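Hi,

Here is the structure I promised to pass on to you. Have a look at it first, and my notes on what turned up follow just below.

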Amino acid sequence: MAEELKKNLSLDKCLNYFAKSEVLSEDDLWYCPNCKDHRQATKKLEIWSVPDILTIHLKRFENTKSFSDKIDAIVEFPIENLDMSKYIVNPLKNNETIIYDLFAVDNHYGGLGGGHYTSYVKNDIDNEWYYFDDSRVSRTNPLESIKGSAYLLFYRRRSDKPLGGEFFSKMYKDISES
């Protein structure tokens, strides 16, 4: 993967890499209670369910034994129509769709010891995207957020009903009736 970090990556490739089985090193041996010995193990991360609001943290720092470096590779992520169904292990109920739309991106500029944060955010009232940099705010195109500084991606699940569970459904119902 290190060579791939020098060119653009898709979010799809990152999510598939995240779910790939990994053989742990000799430094991470697992103690087997049956044979009473330390063994080399394999780990696999799987997604079993997804929330209404999905936050994706892009790894931007690479640590080796005595060196840390910022990863500035561009991860190409969708603004709309992120389909998470192919990454979920747990079968969906009633052929439920799990499509997400991006509503915010946090950026990090700088290195491991410090830096500067900015963000791109979609305003739900006017459906426009804005770029926030300290006290400056400007209207922007969401495609501008796809760059090597993107650090956190915030997606909202598409739904015909209010997101957030029973509490928010009741709150929206009460608001609409008043």
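Arg156 has a relative accessibility of 29%, so this residue counts as partly exposed, given that buried means under 20% and exposed over 50%. Please keep in mind that this is a predicted model. The side chain of Arg156 makes a salt bridge with Asp124, with 3.5 Å between the closest N and O atoms. Since Arg156 belongs to strand β15 and Asp124 to the loop between β12 and β13, the pair ties together parts that are 32 residues apart in sequence.

That is one of five salt bridges found in a search of the whole structure. Another joins the side chains of Asp101 and Arg158, at 2.6 Å from N to O. This pair also links distant parts of the chain: Asp101 sits in strand β11, Arg158 in the loop between β15 and α2, and 57 residues separate them. Arg158 has a relative accessible area of 41%, which makes this residue partly exposed.

A third salt bridge pairs Arg136 with Asp133, the closest N and O atoms being 3.2 Å apart. Which of the two partners is buried, and which exposed? Asp133 is buried, at 14% relative accessible area, while Arg136 is exposed, at 52%.

Those two residues bring us to the hairpins. Strand β13 (residues 129-133) is mostly covered, with four of its five residues buried. On one side, β13 pairs with strand β12 (residues 114-122) in the antiparallel sense over four bridges. The hairpin of β12 and β13 has six residues between the strands, and Asn127 there takes a positive phi near 60°. β13 also pairs with strand β14 (residues 136-140), again antiparallel, over five bridges. Here the hairpin has two residues between the strands, and Asp134 in the turn shows a positive phi of about 55°. Phe132 is a handy residue to follow across these strands: its bridge partner in β12 is Ser119, and Phe132 stands opposite Val137 in β14.

Now for the interior. In soluble globular proteins, nonpolar side chains tend to be buried together. The largest nonpolar core in this model has 26 residues, and those with the most contacts inside it are Leu11, Phe77, Met84, Leu153 and Tyr155. Two or more residues each come from α1 (11-18), β6 (53-57), β11 (99-111), β13 and β15 (150-157). Leu153 is worth clicking on: beyond its neighbours within four places in sequence, its contacts include Leu11, Leu54, Ile56, Phe77, Leu102 and Val105. There is also a second, separate core of five residues, among them Phe103, Ala104, Tyr151 and Leu152.

On the surface, Phe167, Phe168, Met171 and Ile175 form a nonpolar patch with about 390 Å² of accessible area together. Phe168 lies in helix α2 (residues 166-177) and counts as partly exposed because its relative accessibility is 33%.

Finally, the chain as a whole. It has two helices and 15 strands, and 29% of its 178 residues count as buried. The chain exposes about 12,300 Å², of which carbon and sulfur atoms supply 51%. Among contacts between residues at least 6 apart in sequence, 58% join residues at least 24 apart.

Happy browsing, and best wishes!

Note on methods: Residues are numbered from 1 along each chain as its sequence is written. This is a predicted model: local features need pLDDT of at least 70, side-chain atom pairs count only at pLDDT 80 or more; totals for chains, interfaces and linings use all residues. Side-chain values use heavy atoms; hydrogens and water are left out. Patches are made of residues with over 30% relative accessible area and no salt bridge: like charges are joined within 9 Å, nonpolar side chains (Val, Leu, Ile, Met, Phe, Trp, Tyr) within 5 Å. Accessible areas come from the Shrake-Rupley method with a 1.4 Å probe; for residues, only the protein chains shown count as cover. A salt bridge is a side-chain nitrogen of Lys or Arg within 4 Å of a carboxyl oxygen of Asp or Glu. Buried means under 20% relative accessible area, exposed over 50%, partly exposed in between (1.4 Å probe, protein chains only). Two strands pair if DSSP finds at least two bridges between them. A nonpolar core is a set of buried Ala, Val, Leu, Ile, Met, Phe, Trp, Tyr and Cys residues joined through side-chain atoms within 4.5 Å. Contact means heavy atoms within 4.5 Å.
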